[in-house]
Amino acid sequence: MAACLLAQSVQAAATLQVLHWWTSPSERKAANALAARAAEEGIEWKDAAIPGGAGLGAGKVLKSRVLAGDAPEVAQMIGVSIAEWADLGLLLEIDNVASAGNWNGTLFPTVQTLITHRKHVVAAPVGIHRVNTLFYNRALLAQQKIAPPQSWADFEAAAQKLKAAGIVPLAQSSEAWQVAALFENLVLAESGPEFYRQLFVKRDPAAAADKRTAEALQRLRTIKGWSTGALEERSWPEVARQFARREAAMMIMGDWAKPELRDMGMLLDEDYACGTAPGTAQYHLYSVDTFTMFAGEYRHMPAQEKMARLLVSPPVQVEYNYLKGSVPVRRDADPARMDSCARASWSAFAQGATVQAPSLVHRMATDEASRDAIIAEIHRYFLDDRSTPADAQRRLGVLFRVFNLRSQGAFGAQDTDRRR
C-alpha cells in the first residue's frame, strides 16, 4: 500500500496544469512544442488555455481560481502582474534553478529584473516580443511605388496614396487592447522612451497634458479615418488574415503575428517584410512572456523546478521562439539562427534600457488596474469621434492623479479618518 501511495504521489507531482492564453493556431504550436519538451522530461503538461487577446480572460480566470483555492501549478504571467502576485506570497521562489542555470549571467538585465522580486527569482521567462513591428506587403507597396514608411510623414503620405488606389492602408481592429497598442506605438514615435515612461510608467498628469500626448491622440484619430466604413472589433488573428489576403497594405502588430502569417502561406522577405512602426526605428517596445509556479503543494515542486529550467534552456529557447515569433531572453543566443525580423528585434533589445519601452497593453509598464483604466479611456476616445484630444487628456490626467493618490495611501488615510 505504501508503495502504491508513493507511486501515485510521484505521478501527481509529474503532472502540471498550465494556465495560459495561447489559443491562435500558431500559438498552439508553440505551446504544444513546450508540452512535448516537458513530456521528454517526464512532465505531463495539462493544458488550461483561456481565449482572449492580451490575456484579459486568462487573468480573470486565474484570479477566480486562486480565490476558489484551485490555483494551477503553472501560470502564464507577464510584467508588473508578477510582482503583484509575488507580494501575496503565492509564487514559488526558483532561486536554485536560476543559480544553477546562471540566469543572472545569461539573461538580459531587463528580463532578470522583471522576474526578480525582493531579491528572489519568481518566474521563468521564455521570449521577448517587439510590439512596435510594422508588417508591409511588398507587392502592394511596390505596385504603388511606395517605400516602407520610416516616419509619420512617410506613413501618412503612403496611406493617402494607397487609399486613392482603393487599397486599405492599415489592417486594424477596434478591439480595446489593439487600439491601445496602436496608441502606445504612436506615443513612442512622437516622444521616445523617456517621455513614454513618464506617461505610462510614472503616470505623470503633466505628461497626460503634454502636446506630445495630444499629437499621438490626433494621429490615432487620423488612422481611424483611413479605414473604409466602421472598424469592426476583431481578434488579432483575424486582422492578420486581412493582411495575409492582401486586403490591407500594412499592419502594426507585435511580432507574434509573424508565425500566424507563415501558417497562412506568407513568406517573410518575399511576400511581406518586417520593419518598425514609423518613427520608432531606434526603439524596442517590448513584452516578455513568462511563466510562474504557484507555491503551496510542495509535492509539485520538483516538476515545477524542472519546468522552469526547461523553459530557459538554449534548445527550448530556439525552438519555442521560432514558433511564437518572439526572440530568446538569453544574451548568448545566436542571431545568425534568427530570421531578419527576429534578428533586428533581438539586436535592438540588446542595446539596453535607453532604447527599451515597456508595453502598457502587455502589463510591462504599470499595474493591472491602472492599465485597464488607461486602455478604457483610450478606447473611449477612439470610438467617440466627438471626443477631442483635450477631452481625453483631461480624463487621463484625472486618472493619473487618482492612481498617484492611491499609491501614496491617501485613500486609506481618508477612510481611517472617516471611521474615527
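**Exercise 1. Locate Ala 124 and describe its surroundings.**

Step 1. Ala 124 belongs to strand 6, which covers residues 124-130. The model in which it is placed is a predicted one.

Step 2. Is Ala 124 buried or exposed? Its relative accessible area is 0%. Buried means under 20%, so Ala 124 is buried.

Step 3. Which residues is Ala 124 in contact with, leaving aside its neighbours within four places in sequence? They are Ile 94, Trp 103, Thr 290, Phe 291, Ala 308, Leu 311 and Val 312.

Step 4. Leu 267 stands 143 residues from Ala 124 along the chain, and the C-alpha atoms of the two are separated by 31 Å.

**Exercise 2. Examine the span and packing of helix 20.**

Step 1. Helix 20 takes in residues 389-407, 19 residues in total. From its first C-alpha to its last it reaches 27 Å, close to the 27 Å expected at 1.5 Å a residue.

Step 2. Which residues of helix 20 are buried? The list consists of Pro 389, Ala 392, Gln 393, Arg 395, Leu 396, Gly 397, Leu 399, Phe 400 and Phe 403.

Step 3. A general rule helps in reading such a list: an α-helix has 3.6 residues a turn, so residues three or four places apart point the same way.

Step 4. Against what do the buried residues of helix 20 pack? Their partners are helix 11 (193-200), helix 12 (205-209), helix 13 (211-226) and helix 19 (368-383).

**Exercise 3. Describe the nonpolar cores.**

Step 1. The largest nonpolar core has 70 residues. Within this core, Phe 200, Leu 220, Met 250 and Met 251 have the most contacts.

Step 2. Which helix gives the most to this core? Helix 10 does, with 9 residues.

Step 3. A second, separate core has 64 residues, including Ala 31, Ile 50, Val 288 and Ala 342.

Step 4. Not counting residues up to four places away in sequence, Met 251 touches several others, among them Thr 133, Phe 135, Leu 170, Val 239, Phe 243 and Leu 261.

**Exercise 4. Characterise the largest cavity.**

Step 1. How many cavities of 30 Å³ or more are there? The count is 3, and the largest has a volume of about 90 Å³.

Step 2. The lining of the largest cavity is made of 13 residues; nearest its centre lie Gln 178, Ala 181, Leu 182, Ile 252 and Met 253.

Step 3. Helix 10 (residues 176-191) gives the most to this lining, with 5 residues.

Step 4. By type, the lining residues divide into 9 nonpolar and 4 polar, with no charged residue.

Terms used
Residues numbered from 1 in each chain as written. Predicted model: local features only at pLDDT ≥ 70, side-chain atom pairs only at ≥ 80, totals over all residues. Heavy atoms only, no water. 1 Å grid on protein atoms, 1.4 Å probe; cavity = no way out; pocket = protein on both sides within 12 Å on 5 of 7 lines; lining within 4 Å. Points joined across faces, edges and corners; volume = space filled by probe spheres on them. Helix = DSSP H or I, 4+ residues; strand = E, 2+ residues; numbered from the N terminus. Nonpolar A, V, L, I, M, F, W, Y, C, P; charged D, E, K, R; others polar. Buried < 20%, exposed > 50% of the residue type's maximum accessible area, 1.4 Å probe, protein only. Contact = heavy atoms within 4.5 Å. Expected span 1.5 Å × (residues − 1). Core = buried A, V, L, I, M, F, W, Y, C linked by side-chain atoms within 4.5 Å.
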